[in-house]
Amino acid sequence: MDVSNLSERLAIIMIKLVGGNLRLLQILLTICTGVTSILFENPFMAAFWMKVAQAVIAEFAKAGILTADSDEETYERQAKPYPSWPVIGIYLTICYSANLGAMMSPFQNPNGIIYTIFNIFLKESPKGFLLVFVLPTILGLIVVALWINIIFLGLLGFPEAVKDQVKAAAGNGDAMKKAMSDKKDAMGPWSIHSILVLVFIFCSLFLFVTRRPLFFQGWDDQIHLANCGASVAVILMCVLYFAVPANYFFCRYYVCRQPDKPGTTPSLVGWKTVNLNTPWAHIFMLAAGHGFAVGLRDSKLLQLFQESLVRRQPDAGFCFFIASTFGTLFSMLAPATVLARITLLTMFRTGVLTKTGTGSVAVPYAASLHNQFLLPCSSAANTIVSGWGNIRPFQYLIGGIVPAIATMLFIGAFVKLFGEDGFPDYLNVADNNDFKYTYKP
């Protein structure tokens with residue numbers, strides 16, 4: 001998007017809508033990221049809107065209405081400067097909204113894994129389980145918008161410098177809109193490079209939404225040798241980005257007639273650009289989150305959790321509380337998808353052995369896995385935003401603490417109220433303790 005200037009063109013459209021108003025920009029990004037993450041893979045949508053937001057912030061900084069970088073000295077010499085407080089708020093909005101949108105998505109994991117496992121072990125299919133998450137998603141987006149505005153955009157008047165900067169930026173709205181109109185004219189018509197990149201983005205979205213939706217057979221369901229994650233679609237599109245030329249010169253000089261001298265034509269993206277834009281350190285941090293989930297299983301910590309709970313002989317209410325708490329804690333440290341694959345079966349077995357209901361532990365635990373706010377390794381969307389935006393873990397803690405608590409309460413309340421509708425008979429006690437692992441994640 002950056003190489004083809006697509007992000008700049010989309011930023012022009014965004015600025016024409018919001019002017020210089022950072023609060024309006026934050027609300028618009030909340031809605032756009034949240035809604036698109038319901039339909040498509042939330043890490044992809046977080047990356048897409050992050051590129052647009054970065055282009056918008058760059059235009060604001062170029063116009064002198066926003067200080068994009070802070071004066072704080074970086075931990076490493078010659079490292080990318082840390083973003084200013086308002087910019088951090090805009091970036092955190094994107095990953096938090098992406099995580100909340102994915103909560104009620106029928107097109108991506110962990111919901112696909114949750115549905116598959118629950119469909120096996122519950123007596124009735126949990127076809128309506130996503131309806132339980134509708135109101136928590138909406139309320140969560142509202143909390144995120146308000147909290148980010150209060151902490152990072154000075155909604156309540158503090159910090160004073162941030163409030164003044166946001167107010168001054170909003171006062172330059174008309175000038176920004178005019179500047180964007182002039183820039184659009186200067187850029188001219190869309191290049192074939194920008195058009196091809198946008199077409200490929202739409203192709204990626206189509207592959208995501210048809211991979212394995214919950215209500216019809218997707219292309220992944222037709223591949224019986226192995227389960228294909230969303231990364232398979234991304235790899236396919238990456239090959240095309242490297243292979244397809246960025247302009248018509250390839251066709252004109254290498255297909256239609258013999259060139260005067262041999263040469264190369266640029267592809268849509270080159271490896272050097274990809275390497276420079278890939279936050280390798282943050283990806284390793286995300287891999288460490290996956291390692292934490294594997295460690296839960298291999299260290300027998302899950303087994304210890306199960307045996308301790310069974311020994312206590314708790315009631316259903318205590319199981320609900322413990323499962324929600326541990327699900328929220330685990331989702332801070334590892335992505336929800338890998339946690340659902342590795343730990344969800346143990347939660348079912350725990351519910352059976354405690355005789356409080358087959359899903360008495362698994363249902364609140366699975367629901368709480370969507371609470372992914374507090375660390376860059378909590379989700380792939382967080383990792384992408386942290387890497388590209390240079391946001392540090394303590395800033396995730398500041399920005400995510402209230403949304404995390406609110407989401408935990410929202411999810412717990414609505415699972416308690418409507419759990420029987422979304423997960424029919426999940427509190428029914430099994431006739432025996434014979435629990436067989438028949439699902440291989």
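Here is a chat between a visitor and a guide about a predicted model.

Visitor: Let's start with charges. How many salt bridges are there?
Guide: The count comes to 8 salt bridges. A good one to begin with is Glu8 with Lys183.

Visitor: What makes Glu8 and Lys183 a salt bridge?
Guide: The closest N and O atoms of Glu8 and Lys183 are 2.9 Å apart. The cut-off is a Lys or Arg side-chain nitrogen within 4 Å of a carboxyl oxygen of Asp or Glu, so the pair qualifies. Glu8 sits in helix H1 and Lys183 in helix H8 (residues 173-187), so the bridge ties together parts that are 175 residues apart in sequence.

Visitor: Why is Lys183 called buried?
Guide: Its relative accessible area is 17%, and buried means under 20%, so the label fits Lys183. Glu8, at 27%, is partly exposed, because that class runs between the 20% and 50% limits.

Visitor: How do you know that Lys62 and Glu59 form a salt bridge?
Guide: Their closest N and O atoms are 3.9 Å apart, and the limit is within 4 Å, so Lys62 and Glu59 count as a pair. Both belong to helix H3, 3 residues apart, so about one helical turn separates them.

Visitor: Lys62 and Glu59: which is buried and which is exposed?
Guide: Lys62 has a relative accessible area of 64%, and exposed means over 50%, so Lys62 is exposed. Glu59 stands at 8%, which is under 20%, so Glu59 is buried.

Visitor: What makes a network here?
Guide: Shared partners do: salt bridges join Glu8, Glu59, Lys62 and Lys183 into one network.

Visitor: What about Asp298 and Arg297?
Guide: Asp298 forms a salt bridge with Arg297, with the closest N and O atoms 3.0 Å apart. Arg297 is partly exposed at 43%.

Visitor: On to the backbone. What makes the bond between Asn109 and Pro110 stand out?
Guide: The peptide bond joining Asn109 and Pro110 is cis, with omega about 10°. Most peptide bonds are trans. Look for Pro110 in the loop between H4 and helix H5 (111-121).

Visitor: Why is Asn5 pointed out?
Guide: Phi of Asn5 is near 65°, a positive value in a residue other than glycine. Most residues other than glycine have a negative phi. Asn5 lies in the segment before helix H1 (6-18) and is partly exposed, with a relative accessible area of 31%.

Visitor: And what is the phi of Lys355?
Guide: Lys355 has a positive phi of about 55°, although it is not a glycine. Its place is the loop between helix H16 (336-354) and H17. Lys355 has a relative accessible area of 52%, and the limit for exposed is over 50%, so that is its class.

Visitor: Now the holes. How many cavities of 30 Å³ or more are there?
Guide: There is 1 cavity, and about 40 Å³ of space lies in the largest cavity. Helix H15 (316-333), helix H17 (362-368) and helix H19 (393-422) each give two or more residues to its lining. H19 gives the most, with 4 residues.

Visitor: What classes of residue line the largest cavity?
Guide: The lining has 3 nonpolar, 6 polar and no charged residues. Among the lining residues are Ser324, Thr328, Asn371 and Gly412; Gly counts as polar.

Visitor: What do you know about the second largest pocket?
Guide: The second largest pocket has a volume of about 460 Å³. Of the 25 residues that line it, Gln54, Lys80, Trp388, Gly389 and Asn390 are the closest to its centre. H3 gives the most to this lining, with 5 residues. By class, the lining divides into 14 nonpolar, 7 polar and 4 charged residues.

Visitor: Last stop, the surface. What makes the nonpolar patch?
Guide: Leu135, Ile138, Leu139, Ile142, Leu146, Leu155, Leu156 and Phe158 make a nonpolar surface patch of about 720 Å².

Visitor: How do you know that Ile138 is accessible enough for that patch?
Guide: Ile138 has a relative accessible area of 43%, and patch residues need over 30%, so Ile138 passes. Ile138 sits in helix H6 (residues 134-152).

Visitor: And why is Thr33 called buried?
Guide: Thr33 has 0% relative accessibility, and buried means under 20%, so Thr33 is in that class. Thr33 is in helix H2 (residues 22-39), and its C-alpha atom is separated by 25 Å from that of Leu156.

Definitions and conventions: Residues are numbered from 1 along each chain as its sequence is written. This is a predicted model: local features need pLDDT of at least 70, side-chain atom pairs count only at pLDDT 80 or more; totals for chains, interfaces and linings use all residues. Side-chain values use heavy atoms; hydrogens and water are left out. On a 1 Å grid over the protein atoms alone, a cavity is a set of points where a 1.4 Å probe fits but cannot get out, and a pocket is an open set with protein on both sides within 12 Å along at least five of seven lines; lining residues have an atom within 4 Å of a point. Grid points are joined across faces, edges and corners, and a volume is the space filled by probe spheres set on the points. Patches are made of residues with over 30% relative accessible area and no salt bridge: like charges are joined within 9 Å, nonpolar side chains (Val, Leu, Ile, Met, Phe, Trp, Tyr) within 5 Å. Accessible areas come from the Shrake-Rupley method with a 1.4 Å probe; for residues, only the protein chains shown count as cover. Buried means under 20% relative accessible area, exposed over 50%, partly exposed in between (1.4 Å probe, protein chains only).
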